[in-house]
Amino acid sequence: MVSILETTMLAISCILCSVLLGFSNAAPTPTYNVVKFGAKGDGKSDSTEPFIKAWQSACANPNPATIYVPKGRYLLRNTNFRGPCKRKVTFLINGTLVAPEDYNALGNSGFWILFNHVENLVVSGGKLDGKGAAFWNCRRSGKSCPPGARSMTFNWVNNLVVSGLTSVNSQVSHLVINTCNNVVVKNVRLIAPEQSPNTDGIHVQGSTGVTINGCTLQTGDDCISIGDASYNLFISNIKCGPGHGVSIGSLGKTADEKGVENVTLTNAIFSGSDNGVRIKTWARPSNGFVRNVVFQNIVMDKVENPIIIDQNYCPNNQGCPGQTSGIKISQITYLNINGTSATPEAVTFDCSPSNPCRGIKFQDINLTYKNMAATSSCKNIEGTSSGTLVPESCL
C-alpha cells in the first residue's frame with residue numbers, strides 16, 4: 001500500500017515539475033522598442049525607417065510580438081506597415097506620432113499611416129497629430145492642393161482592435177476601416193475643429209463585423225460615415241459633436257454599388273452637430289440598398305437635423321438624370337430618441353420617388369425646438385409609428 005502511494009505521489013510530483021518547467025521556459029512576448037531601431041522622440045528627426053524596421057522584425061517573428069513606442073514625439077512620413085505577418089502583432093504606443101509640418105511631404109498617396117494586409121493586429125494607446133491646419137488653409141484658399149492624407153488607414157486587416165487612441169487635426173479622415181473583417185474600435189478620441197473640411201472621425205467601407213464603442217468624436221465632418229458593402233456594424237456609447245453626425249452614405253454615386261445592411265447605433269449623445277442620424281444617397285440610378293438599421297436610445301442636444309433621410313444629394317445639380325435615387329431603403333427603426341433640435345424641422349424624410357422608403361418604424365420620439373414641438377416632413381415613405389411622438393409623425 002505504501003509503495004503504491006509513494007509511486008502515485010512521485011508521478012504527481014513529476015507532472016507538477018513538468019508543468020512548472022513548462023511555464024518557466026515559456027518564451028516571453030518579443031518586444032521591439034522603436035528607439036532601439038534608431039527612432040528619436042524629439043519631434044524633428046525622421047523616424048519613418050526605424051518604425052518600418054521594427055515592424056518588419058515583429059511581423060517576421062514566429063511568435064506574437066509587440067512594437068513599443070515610448071513617450072516622446074516621433075516624426076513620421078508616409079508609413080506603410082505591410083503584412084502578412086507570421087503571428088499577432090501589438091502596436092503599443094505611449095508617445096505621439098507626428099506628421100510633417102509641410103503637408104506636401106505626404107504627397108498624393110492619400111494616407112499617412114497605413115496598415116495593409118494584416119491578420120490579428122492590436123493598436124493600443126498613444127496619440128496621432130496630423131498637423132492638418134496648413135492643409136485646411138490650402139483647401140480654403142482655392143489653391144491647388146494634394147488630396148490630403150487620412151491619419152490612420154486599415155486596408156484588408158482582419159481581427160483588428162484599436163483602443164485608447166487619440167487623433168487630433170487629421171488632414172482628412174482620422175480612422176479609415178476599409179475591406180476589413182472582425183474589427184473593434186473602442187475608447188478612441190478623434191478631434192478636429194468644427195470648420196476643418198472633410199475630417200471624418202471614423203469611415204467604414206467594404207467591411208463586415210465592425211464594433212465601435214465608447215468613442216468621443218469632435219470633427220469638421222461626419223463623426224462616423226458608413227460606405228457601401230458594409231455589413232453587421234454595432235455602434236454604442238458614442239459622443240458626437242461638433243460634426244455632421246452619423247451618416248450612412250453618401251451612397252449611390254455609381255450604379256453598381258453594393259449595399260449597407262444590419263447597422264445598430266445605440267446609447268449615443270449628439271451635441272451641436274449639423275446632423276444626428278442620417279442616411280444620404282445620390283439622386284442617381286443605383287443597385288444599392290440600405291436595410292435593417294436601428295437607431296435607438298439617443299439624446300440630441302441642439303442638433304440641426306436630428307433625424308434625416310436625404311435621397312436627393314446632387315452637388316451642383318450635375319449628373320443626376322431625373323433627380324431620383326436607385327438606392328432602396330427599408331426596415332429602418334427609430335426608437336427612443338429625445339432632446340432638442342436647433343431647427344424647427346427635427347425629422348426630414350426625403351425619399352426617392354422611384355424607390356420609396358419602406359418599412360420605416362418610428363417609436364417613442366420626443367424632439368423639441370425652443371421648448372415647443374418640432375415639426376416633421378415626409379416624402380415617398382411608408383411605415384408605422386407608435387408611442388410618444390413629438391413631433392407628430394408624418395408617416
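**Figure 1. The charged end of Arg291 over the ring of Phe289 in the predicted model.** In this close-up of a predicted model, the charged end of Arg291 is placed over the ring of Phe289, at 3.7 Å from the ring centre. A second contact of this kind involves Lys280, which lies over the face of Tyr313 at 4.0 Å from the centre of that ring.

**Figure 2. The aromatic pair formed by Trp282 and Tyr313.** A search of the whole structure finds 15 aromatic pairs, among them the pair of Trp282 and Tyr313, whose centres are 5.1 Å apart and whose planes make an angle of 80°, an edge-to-face arrangement. Because Trp282 belongs to strand S22 (residues 275-282) and Tyr313 to strand S24 (residues 305-313), the pair ties together parts that are 31 residues apart in sequence. Trp282 has a relative accessibility of 9% and so counts as buried, whereas Tyr313, with a relative accessible area of 26%, is partly exposed. The ring of Tyr313 is also the one that has Lys280 over its face.

**Figure 3. The edge-to-face pair of Tyr334 and Phe362.** With ring centres 5.8 Å apart and planes at 70°, Tyr334 and Phe362 form a pair that is edge-to-face, because an angle over 60 degrees counts as such. Tyr334 lies in strand S25 (residues 328-341) and Phe362 in strand S27 (residues 357-369), and the pair therefore ties together parts that are 28 residues apart in sequence. Tyr334 is buried, its relative accessible area being 0%, and Phe362 likewise counts as buried, at 3% relative accessibility.

**Figure 4. A cluster of aromatic residues linked by ring pairs.** The residues to be located in this view are Phe51, Trp55, Tyr74, Phe81, Phe91, Phe115 and Phe154, which ring pairs link into a cluster.

**Figure 5. The largest pocket and its lining.** The largest pocket holds about 640 Å³ of space, and 27 residues line it, of which Asp200, His203, Gln205, Ser225 and Ser250 are the closest to its centre. Two or more lining residues come from each of strand S10 (150-163), strand S12 (175-178), strand S15 (202-205), strand S18 (224-226), strand S20 (246-251) and S22. Sorted by class, the lining consists of six nonpolar, twelve polar and nine charged residues.

**Figure 6. Two cis peptide bonds, one ending at Pro242 and the other at Ser250.** The peptide bond that runs from Gly241 to Pro242 is cis, its omega being near 0°, and Pro242 is found in the loop between strand S19 (230-240) and S20. Gly249 and Ser250 are likewise joined by a cis peptide bond, for which omega is about 10°. Ser250 has its place in strand S20, and this residue is also among those closest to the centre of the largest pocket.

**Figure 7. Positive phi values at Gln331 and Asp364.** Gln331, a residue other than glycine, has a positive phi near 55° and is found in strand S25, the strand in which Tyr334 also lies. With a relative accessible area of 44%, Gln331 is partly exposed. Asp364 is not a glycine either, yet its phi is positive at about 55°, and its place is in strand S27, where Phe362 lies as well. Asp364 is partly exposed, at a relative accessible area of 29%.

Key: Residues are numbered from 1 along each chain as its sequence is written. This is a predicted model: local features need pLDDT of at least 70, side-chain atom pairs count only at pLDDT 80 or more; totals for chains, interfaces and linings use all residues. Side-chain values use heavy atoms; hydrogens and water are left out. Rings of Phe, Tyr and Trp (its six-membered ring) pair if their centres lie within 6.5 Å; planes under 30 degrees apart count as stacked, over 60 as edge-to-face and the rest as tilted. Helices (H or I, at least four residues) and strands (E, at least two) are DSSP runs, numbered from the N terminus. Buried means under 20% relative accessible area, exposed over 50%, partly exposed in between (1.4 Å probe, protein chains only). A charge sits over a ring if NZ of Lys or CZ of Arg is within 6 Å of the ring centre and within 35 degrees of the ring normal. On a 1 Å grid over the protein atoms alone, a cavity is a set of points where a 1.4 Å probe fits but cannot get out, and a pocket is an open set with protein on both sides within 12 Å along at least five of seven lines; lining residues have an atom within 4 Å of a point. Grid points are joined across faces, edges and corners, and a volume is the space filled by probe spheres set on the points. Ala, Val, Leu, Ile, Met, Phe, Trp, Tyr, Cys and Pro count as nonpolar, Asp, Glu, Lys and Arg as charged, and the others, Gly among them, as polar.
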